Amino acid sequence: MKLIYTIIKVIILLLFLLLAVINTDSVAFHYLPGQKADLPLIVVLFGAFVIGIVFGMFALFGRLLA
């Protein structure tokens, strides 16, 4: 059973790696009014993912302490 979970994790990792390689197009990221940066799409998506994790952890922080 542990082998099946490992295989599934490797397949998911490879899918995300493929997604990262495909999404190398540059997008305009506006972080302040009048300020922009041209970043690869995967960097913007990964940043949004990390920010979502951080906010999710803050949302659960009070529950973890109680």
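The legends below accompany several views of one predicted model.

**View 1. The whole chain, with its helices and strands.** Welcome to the overview, a good place to get your bearings. The chain has 2 helices and 2 strands, and reading from the N terminus gives the order α-β-β-α. Along the principal axes, the C-alpha atoms take up a box of roughly 50 × 40 × 5 Å. The radius of gyration of the chain is 17 Å, whereas a compact globule of 66 residues would come out near 11 Å.

**View 2. The surface of the chain.** How much of the chain counts as buried? The share is 2% of the 66 residues. About 6,100 Å² of the chain is exposed, and 78% of that area is supplied by carbon and sulfur atoms.

**View 3. The largest pocket and the residues around it.** If you like to look at pockets, here is the largest one, with about 190 Å³ of space. Its lining is made up of Phe 16, Leu 19, Ala 20, Ile 42, Leu 45, Phe 46 and Phe 49. Two elements, α1 (2-22) and α2 (41-65), each give two or more residues to this lining. Helix α2 provides the largest share, with 4 residues. As for chemical character, the lining residues divide into 7 nonpolar, no polar and no charged.

**View 4. The aromatic pair, Phe 29 and Tyr 31.** The structure holds 1 aromatic pair. The ring centres of Phe 29 and Tyr 31 lie 6.4 Å apart and the ring planes meet at 25°, so this pair is stacked. For anyone checking the geometry, planes under 30 degrees apart count as stacked. Are these two rings buried, exposed or in between? Phe 29 counts as partly exposed, at 35% relative accessibility. Tyr 31 is also partly exposed, with a value of 45%.

**View 5. Ile 4 in helix α1, shown together with Asp 25.** This last view turns to Ile 4, a residue of helix α1. Ile 4 has a relative accessible area of 47%, so this residue is classed as partly exposed; the exposed class applies over 50%. Where does Asp 25 lie with respect to Ile 4? In sequence the two residues are 21 residues apart, and in space their C-alpha atoms are separated by 34 Å.

Key
Residues numbered from 1 in each chain as written. Predicted model: local features only at pLDDT ≥ 70, side-chain atom pairs only at ≥ 80, totals over all residues. Heavy atoms only, no water. Rg over C-alpha atoms; globule rule 2.2 N^0.38 Å. Buried < 20%, exposed > 50% of the residue type's maximum accessible area, 1.4 Å probe, protein only. Areas by Shrake-Rupley, 256 points an atom, 1.4 Å probe, with all protein chains shown as cover. 1 Å grid on protein atoms, 1.4 Å probe; cavity = no way out; pocket = protein on both sides within 12 Å on 5 of 7 lines; lining within 4 Å. Points joined across faces, edges and corners; volume = space filled by probe spheres on them. Nonpolar A, V, L, I, M, F, W, Y, C, P; charged D, E, K, R; others polar. Phe/Tyr/Trp six-rings, centres within 6.5 Å; stacked < 30°, edge-to-face > 60°.
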